[in-house]
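Visitor: I have a structure open here and would like someone to walk me through it.
Guide: Fine. Ask whatever comes to mind.

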Amino acid sequence: MSAFPSGVDPHRFEAELRRLEEVSRFPEMPRNLFDEGPHLVTTPELPWGDAVREASVGAYLRFVHGETWITGGGAREMEAEVVGWLGGLMGAAAPAGFITSGGSESNMCAILTAKQRAGRRGGSVVFPDNGHYSLHKLCRMFDLDPIVVPAPRGRLDQVDPGAVEAAVRPDTIALIATAGTWAYGSVDPIAEMGAIAERHGLFLHVDAAFGGFILPFLERSGYDTALPDWDFRVPGVCSISADLHKNGMAPPPAGTLLFRDASLLASAKEICPPNGTMSGTRGAGPIAGAWAMAKLLGEPGYTAVSLKSMAMRDELVAGVRAVPGLDVHPGSRINMTLIHSRTLDLRPAAGQLRRRGWMFAARAVPGPVSLVVVPMPHNDGRIADFLRDLEECAASAPPLEGTTPAAETSREPVSSYGF
Ligand SMILES: Cc1ncc(COP(=O)(O)O)c(C=O)c1O
């Protein structure tokens, strides 16, 4: 007899769960080069092995039945600890903020806060053409005009601050910059955009969904000594989003929205009561899992993860550039790697690589297809295999029809992850 009221046989249930795990491709994680990879998988190459992953899963499970209302005391303390630590690393003297479901929600909450501060209906938001599609989405949701600043010379990893300033209108309420663009990995000229925001009295939000959990560690460890200031050290920056479930390695869903100070958080709570997020009830499990990950990795752990990811990125870039016809888009300062070709049509190769079991995102910009590959520690030891398969698949790629690919433009109304 089944132990379950529905009568479902426990063995069949277990088999079904296993089948669904396989459909989700969990057992193949080391070949997952997609940006929001397995989040939790550590590697024996890192000194702590699986200890941090297990502690994070354990914390998640112990808080799995929690919510953020009556039994939310612990989760709220964890949230405050993560926000205080990360905001401090990013140069805020008294940071405030919250944990969200990820980068899209963080961007939404930031712009709702800007709207609340501006005290008006409608209006416009200015951002470079490399902004994530969630920026277009939030503009539609909140009835704001997206003013998209074209990339200079069609290079989406670059931003012309003069063009950003020229795009500001009397009804503009906010500028949005990105630190770690998808899929270029570039960092916008945030100091210049901060000065523009200050000159025009605008809210400046930095979308560091991707870069927020790697840039501080690359900078502080001395890996990148030339990174211009991009965080709260820039006076005009009001808020920064940084995703725990991307380079933060935490179990999804978990992002952060950090404000420079408590008065900005108060505005967020005015427009999105009670907590500033898009949600009412929030699960405490993801908050606990993220808190454990951040607390146990800390600055030394994230530095090791960041350096490991960049070592793999560097191996990947060198390998791709050695394959005839292939190139890596310039401008990335993080582990985001955009593989493309000016001479080959990589569409069949992308399909073949997927059939060989590799997981990655593909996009139509630069056209006709580019592969977005984001090495993280769980891919340890797999870069050489990927490069071998890439070279084999590219060898049979047909030549690109016509001349030089058109200038890049990312105006994409929906996700370009390619699935
Ligand atoms: C720069 C950037 N912003 C926002 C997001 C959205 O994050 P999420 O999918 O967690 O909502 C992403 C996702 O890749 C991103 O790369």
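**Salt bridges, strands and a surface patch**

Guide: This is a predicted model. To start with one residue, Arg233 is partly exposed, at a relative accessible area of 35%.

Visitor: What does the side chain of Arg233 meet in a salt bridge?
Guide: The partner is Asp231, at 2.7 Å from N to O.

Visitor: And is Asp231 buried or exposed?
Guide: Asp231 has 2% relative accessibility, so it counts as buried. The cut-off for buried is under 20% relative accessible area.

Visitor: Which residues are linked with those two in a network of salt bridges?
Guide: Glu219 and Asp229 are linked with Asp231 and Arg233 in that network.

Visitor: Why would such side chains pair at all?
Guide: Opposite charges can pair when the charged atoms of the side chains come close.

Visitor: How many salt bridges are there in the whole structure?
Guide: A search finds 23. One of the others joins the side chains of Glu14 and Arg18, with 3.3 Å from N to O.

Visitor: How are Glu14 and Arg18 placed in helix α1?
Guide: They are 4 residues apart there, which means a separation of about one helical turn. Glu14 is partly exposed at 36% relative accessibility, and Arg18 is partly exposed at 42%.

Visitor: Got another one in a helix?
Guide: Asp385 forms a salt bridge with Arg388, and their closest N and O atoms are 3.2 Å apart. Both sit in helix α12, residues 383–395, and being 3 residues apart they are separated by about one helical turn. Asp385 is partly exposed, with a relative accessible area of 24%; Arg388 is also partly exposed, with 46%.

Visitor: Changing topic. How many helices and strands does the protein have?
Guide: It has 12 helices and 11 strands.

Visitor: Which strand is mostly covered?
Guide: Strand β2, residues 124–128, is one that is mostly covered, with 5 of its 5 residues buried. Ser124, Val126 and Pro128 point one way, while Val125 and Phe127 point the other way.

Visitor: What does β2 pair with, and in which sense?
Guide: β2 pairs with strand β3, residues 145–149, in the parallel sense over 5 bridges. Within that pairing, Pro128 stands opposite Val149.

Visitor: Where is there antiparallel pairing?
Guide: An open sheet of 4 strands, in the order β8-β9-β11-β10, is paired that way. Its edge strands are β8 (327–328) and β10 (361–363), each pairing on one side only. 2 bridges join β8 to β9, residues 337–340, and Val328 stands opposite Ile339 in β9.

Visitor: Now the surface. Which residues form a nonpolar patch there?
Guide: Phe4, Val8, Phe13 and Leu17 form one, with about 330 Å² of accessible area together. Phe4 is in the segment before α1, which covers 10–23. Phe4 is partly exposed, with a relative accessible area of 36%.

Visitor: How much area does the protein expose in total?
Guide: About 17100 Å², of which carbon and sulfur atoms supply 56%. Of the 419 residues, 57% count as buried.

Visitor: What about the overall size?
Guide: The C-alpha atoms fill a box of roughly 70 × 55 × 45 Å along the principal axes. The radius of gyration is 22 Å, which agrees with the value near 22 Å for a compact globule with 419 residues.

Visitor: Last one. What share of contacts join residues at least 24 apart?
Guide: The share is 74%, among contacts between residues at least 6 apart in sequence.

Notes
Residues are numbered from 1 along each chain as its sequence is written. This is a predicted model: local features need pLDDT of at least 70, side-chain atom pairs count only at pLDDT 80 or more; totals for chains, interfaces and linings use all residues. Side-chain values use heavy atoms; hydrogens and water are left out. Patches are made of residues with over 30% relative accessible area and no salt bridge: like charges are joined within 9 Å, nonpolar side chains (Val, Leu, Ile, Met, Phe, Trp, Tyr) within 5 Å. Accessible areas come from the Shrake-Rupley method with a 1.4 Å probe; for residues, only the protein chains shown count as cover. A salt bridge is a side-chain nitrogen of Lys or Arg within 4 Å of a carboxyl oxygen of Asp or Glu. Buried means under 20% relative accessible area, exposed over 50%, partly exposed in between (1.4 Å probe, protein chains only). The radius of gyration is taken over C-alpha atoms; the globule rule is 2.2 Å times the number of residues to the power 0.38. Contact means heavy atoms within 4.5 Å. Two strands pair if DSSP finds at least two bridges between them.
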